[in-house]
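The following paragraphs lead through one structure step by step, and they are best read with the coordinates open alongside.

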Amino acid sequence: LKNVNKIDLKFGFYPKDSSGNIFVYKKGIVYIFSNNSNDKLISINLRAFHEDKRIKLIFNGENLDEFNISSRYDNRISFPSYIKKGKNVIEIVSDNCIRPIELNISNDKRCVSLVFNSIDISELNKKEPIFIEGFFIQNKSLIYLGKYGKIYIYSENDNPIIISIVATSFIKDRNVSFYLNSQLIENSMIFKEGSKVNLISNNFVKGWNTLEITSNDCSIPSGEDKRCISLIISDIEIKKLDTSNNSVIFSGGWYSQDNGKNWMSTNGKLYIYSSQDKEYILFVNMTSFLKDREVSFYLNSDLIGKTYVFKEGEEIYLPVKLKRGLNSLEIMSEDCSIPSEEDKRCISVGIFNFNIIPIDQFTNEMIMSEGWYLKTKDDDFKWGTDNVKLIYISENNATVIFYFDILTIYNETTKVEFYLNTEPKNIFEIAMGGGWVYTLPQRIRKGINYLEFRVPRGCVIIDSILHNKDNRCIAMTLRGIKVGR
């Protein structure tokens with residue numbers, strides 16, 4: 001091994017037996033002799049004898065950490081260390097040992113705590129995560145996790161970093177917790193069909209950071225394979241968070257992307273990075289799976305909106321005030337549906353596109369925010385259900401008259417109620433074929449104003465009229481809007 005010219009199992013190791021096992025007493029001491037000083041990655045492979053053990057590692061007199069060692073399978077412990085020129089000492093200290101003769105399995109009177117397999121010393125790549133403990137690593141593309149795992153991540157500064165993990169939960173869906181430097185940063189469901197989780201935290205420090213992953217349980221593959229596995233990690237990537245621009249990062253609760261859609265179960269989380277304290281419009285192009293669903297949006301734990309998402313798809317606009325730095329957005333659905341016998345995912349809504357737009361880009365504009373179906377190739381206008389909403393952004397406080405060209409689905413005069421900033425203002429009588437109506441002078445405020453239309457008669461499913469398999473339930477459309485000051 002380059003620059004390391006000798007590894008010596010010095011004390012506490014019994015001679016290799018006829019089966020090739022090297023047993024360890026309660027404490028084993030290893031000497032490493034090096035030609036020079038350098039950062040290295042040390043990996044120790046061992047197994048607990050008879051029952052699980054708790055061990056402590058000491059390197060050159062410094063306590064590294066404590067580790068749980070299983071007796072059912074081989075364990076690999078890795079840790080970065082500064083190997084100095086000359087002699088270096090590793091101490092492996094177990095919490096107890098036991099004599100095989102006491103177990104009635106042999107006449108062996110040695111007191112044994114561990115079965116030692118190997119020790120490896122390799123170059124340290126600080127750009128790659130180091131799987132410290134709790135992982136079964138067969139190759140770089142196949143990493144199994146028990147109930148608990150620890151990863152070291154090196155950062156050159158204390159700026160936020162994105163940790164992207166692509167994983168599959170073994171046999172069933174699992175709730176998994178992620179801790180960075182002992183602080184909980186994420187609880188996320190990892191699906192057996194596959195998930196991608198993006199972890200972001202302001203808790204990064206310059207140097208080594210500790211990421212801990214904890215699952216609520218694990219499963220044993222078979223009678224021969226005694227490993228207890230919770231997750232299979234296929235990729236983990238560390239990248240810097242670009243703080244020079246606004247950005248949106250899908251965090252937890254999402255299935256692996258499917259044809260450009262991000263599908264979630266009943267709870268999905270995103271992070272929004274804002275370069276400044278500012279008001280924005282959240283634009284979300286989303287669809288509901290199989291049926292319409294009510295969806296709630298929470299920004300930094302505060303409810304900012306509830307809306308029905310159509311199975312035909314919908315464009316949703318939500319005004320928000322983002323703080324400078326990281327903001328969390330949680331999307332919650334009332335339920336989810338399983339696609340088929342082959343596809344066991346339970347999915348509720350999927351997002352095609354998500355964007356944040358500065359609110360001043362919409363000044364003196366009308367936005368169709370909720371309750372409007374996506375326009376089809378056969379539609380001349382956007383049709384809405386029996387409760388639709390708009391947003392009007394005004395550059396100042398003003399008195400205005402609203403003019404609306406309203407068309408309803410009904411072939412007779414129909415009442416349409418109009419609300420401004422939640423207050424009822426008008427009841428319009430819309431004749432067959434539609435037409436222009438207007439309000440009395442209305443006082444609007446600077447910034448965001450909410451307009452709402454309700455059709456008390458309800459909506460009509462298009463298929464019931466045209467028999468064209470169009471299941472949208474529509475009530476009205478706006479063919480034109482004018483704002484007079």
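**A cavity, two sheets and the disulfides**

Strand 9 supplies six residues to the lining of the largest cavity, which is the largest share that any element contributes. The model in which this cavity is found is a predicted one. The structure holds one cavity of 30 Å³ or more, and the space inside the largest cavity comes to about 40 Å³. Its walls are formed by Arg76, Ser78, Phe131, Ile132, Glu133, Gly134, Phe135 and Ile137. Two elements give two or more residues each to this lining, namely strand 6, which spans 75–83, and strand 9, which spans 130–139. By chemical class, the lining residues divide into four nonpolar, two polar and two charged. As general background, empty space of this kind is revealed by rolling a probe the size of a water molecule over the atoms.

From the cavity we turn to the pairing of strands. In general, the strands of a sheet are held to one another by backbone hydrogen bonds, in either a parallel or an antiparallel arrangement. An open sheet of five strands, with antiparallel pairing, follows the order 17-19-24-21-22. Strand 17 (247–250) and strand 22 (302–309) stand at the edges of this sheet, and because each has a single partner strand, one side of each is left without a neighbour in the sheet. From one strand to the next, the twist averages 20°. At one edge, strand 17 pairs with strand 19, residues 267–274, in the antiparallel sense and over four bridges. Within this strand pairing, Ser247 stands opposite Tyr273 of strand 19.

An open sheet of four strands, again with antiparallel pairing, has the order 18-25-20-23. Here the edge strands are strand 18 (262–263) and strand 23 (314–322), each of which pairs on one side only. Strand 18 runs antiparallel to strand 25, residues 349–358, and two bridges join them. Looking at individual residues, Trp263 has Gly350 in strand 25 as its bridge partner.

A further pair of strands deserves attention for its burial. Is strand 14 largely enclosed by the rest of the structure or largely open, and why? Five of the six residues of strand 14, which covers residues 195–200, are buried, and the strand is therefore largely enclosed by the rest of the structure. Strand 14 pairs with strand 11, residues 161–169, in the antiparallel sense over six bridges. In this pairing, Ile163 stands opposite Leu199 of strand 14.

The last topic is the set of covalent cross-links. There are four disulfides in the structure, and when the bonded cysteines are counted along the chain, the disulfides follow the pattern 1-2, 3-4, 5-6, 7-8. One of them is formed by Cys97 and Cys111, whose sulfur atoms lie 2.0 Å apart. The link of Cys97 and Cys111 is right-handed, with 90° about the S-S bond. Both cysteines lie in the loop between strand 7 (86–94) and strand 8 (114–123), and they are 14 residues apart. Cys97 and Cys111 are both buried.

Another disulfide joins Cys336 to Cys346, with an S to S distance of 2.1 Å. The torsion about the S-S bond of Cys336 and Cys346 is about 95°, so this disulfide is right-handed. Since Cys336 and Cys346 each lie in the loop between strand 24 (325–333) and strand 25, the pair ties together parts that are ten residues apart in sequence. Cys336 counts as partly exposed because its relative accessibility is 23%, given that burial requires a value under 20%.

A disulfide also joins Cys459 to Cys473, with an S to S distance of 2.0 Å. The torsion about the S-S bond of Cys459 and Cys473 is about 95°, and the disulfide is therefore right-handed. Cys459 lies in the loop between strand 33 (447–454) and strand 34 (460–461), whereas Cys473 lies in strand 35 (residues 473–474), so the pair ties together parts that are 14 residues apart in sequence. Is each of these two cysteines buried or partly exposed? With a relative accessible area of 27%, Cys459 is partly exposed, whereas Cys473, with a relative accessible area of 17%, is buried.

Terms used: Residues numbered from 1 in each chain as written. Predicted model: local features only at pLDDT ≥ 70, side-chain atom pairs only at ≥ 80, totals over all residues. Heavy atoms only, no water. Pairing = 2+ DSSP bridges. Axes fitted to C-alpha atoms, helices over the stretch in contact; angles between N-to-C directions. Disulfide = S-S within 2.5 Å. Buried < 20%, exposed > 50% of the residue type's maximum accessible area, 1.4 Å probe, protein only. 1 Å grid on protein atoms, 1.4 Å probe; cavity = no way out; pocket = protein on both sides within 12 Å on 5 of 7 lines; lining within 4 Å. Points joined across faces, edges and corners; volume = space filled by probe spheres on them. Nonpolar A, V, L, I, M, F, W, Y, C, P; charged D, E, K, R; others polar.
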